[in-house]
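Here is a short report on the model shown below. Please keep the structure open beside the text as you read.

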Amino acid sequence: AAWTTGGLETALFTLALFGLWRELTRDGGGAALAALFGGLLVSARAEGVLWLVGVFFAVTVADRQRCRSHLQLIFPGLMVFALVLTWRMYTFGELLPNTVHAKAGMDGETLSRGLRYIASWFVVSITPLIATLLALRALRSPAAKLALSAGVLVDGGVLFTLLSGGDWMPFFRFL
């Protein structure tokens, strides 16, 4: 119940994030689906464009030869982001939503809160341990490129959580 009601855009954002990653890592990934997921990603949350760039980075680290095609597939998401910024500025007179001003800040308290959040996740949840063990095994498999890409994306999530100060929702929704 907490996950479904916490942040009404969370489910859409998660679908867009992993849908975009899947389309960019899949052989013969669909350009239309990648464009759709990229557009949803940047319009669902204020930090969506950071995740769009992060997904591009994660898939490019794993497969540098497809960098140009990946860039072409995330370009529509960047266009949607420009439209969202224009609309937000025209409608509200601000480039960022109030939640960014209220919750974010690159100060010591934010970083400390983010570190406590991540430390709690490691203490309370078995997920990081299992993910690490599976990642070590996956890096030696034929799917090593996918494992590397997924690992970079997970590390980006941990970094984002640290820099944003975690979340007040239970069960480590950000992670």
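A salt bridge here is a side-chain nitrogen of Lys or Arg within 4 Å of a carboxyl oxygen of Asp or Glu. With that in hand, let us set the ground rules. This is a predicted model, where local features need pLDDT of at least 70 and side-chain atom pairs count only at pLDDT 80 or more, while totals for chains, interfaces and linings use all residues. Residues are numbered from 1 along each chain as its sequence is written, and side-chain values use heavy atoms, leaving out hydrogens and water.

**Salt bridges**

By the rule above, the count comes to four salt bridges. One of them pairs Arg116 with Glu109, with 3.5 Å between the closest N and O atoms. Salt bridges that share partners also link Arg22, Glu23 and Arg26 into one network. The table lists three of the pairs, including the one just named.

| Pair | Closest N to O distance |
|---|---|
| Arg22 and Glu23 | 3.3 Å |
| Arg26 and Glu23 | 2.8 Å |
| Arg116 and Glu109 | 3.5 Å |

How covered are these partners? For residues, buried means under 20% relative accessible area, exposed means over 50%, and partly exposed lies in between (1.4 Å probe, protein chains only). Arg116 is partly exposed at 45% relative accessibility, and Glu109 is partly exposed at 44%. In the network, Arg22 is partly exposed at 47% and Arg26 is partly exposed with a relative accessible area of 30%. Is Glu23 buried or exposed? Glu23 is buried, with a relative accessible area of 2%.

Glu23 belongs to helix α2, which covers residues 10–25. The side chains of Glu23 and Arg22 are also joined by a polar contact of 3.3 Å. A polar contact is a pair of N or O atoms within 3.5 Å; within protein, one must be able to donate a hydrogen and the other to accept it, and residues adjacent in sequence count only if both atoms are side-chain atoms.

**The chain as a whole**

Stepping back, the chain holds nine helices and zero strands. From the N terminus on, its elements run α-α-α-α-α-α-α-α-α. Helices (H or I, at least four residues) and strands (E, at least two) are DSSP runs, numbered from the N terminus. Of the 175 residues in the chain, 33% are buried.

A contact means heavy atoms within 4.5 Å. Among contacts between residues at least 6 apart in sequence, 68% join residues at least 24 apart.

The chain exposes about 10,800 Å², and carbon and sulfur atoms supply 71% of that area. Accessible areas come from the Shrake-Rupley method with a 1.4 Å probe, and for residues only the protein chains shown count as cover.

**Helix α4 and its neighbours**

Helix α4 spans residues 48–62; its 15 residues reach 21 Å from first C-alpha to last, close to the 21 Å expected at 1.5 Å a residue. The expected span is 1.5 Å times one less than the number of residues in the helix.

Which residues of α4 are buried? They are Gly48, Val49, Trp51, Leu52, Val55, Phe56, Ala58, Val59, Thr60 and Ala62. These buried residues pack against α2, α3 (31–44), α5 (67–92) and α9 (144–164).

Thr60 is worth a visit. This residue sits in helix α4 and is buried, with a relative accessible area of 13%. The side chain of Thr60 reaches the backbone oxygen of Phe56 at 2.7 Å. Leaving aside residues up to four places away in sequence, Thr60 touches Cys67 and His70.

Back in helix α2, we find Thr14, which is partly exposed at 34% relative accessibility. Thr14 and Leu40 are 26 residues apart in sequence, and their C-alpha atoms are 10.0 Å apart in space.

**A nonpolar patch**

On the surface, Ile126, Leu129, Ile130, Leu133, Leu134, Leu136, Leu139 and Leu148 form a nonpolar patch, with about 760 Å² of accessible area together. Patches are made of residues with over 30% relative accessible area and no salt bridge; like charges are joined within 9 Å, and nonpolar side chains (Val, Leu, Ile, Met, Phe, Trp, Tyr) within 5 Å.

Helix α8 (residues 127–138) gives the most to this patch, with five residues. Ile130 is found in helix α8 and counts as partly exposed, at 40% relative accessibility.
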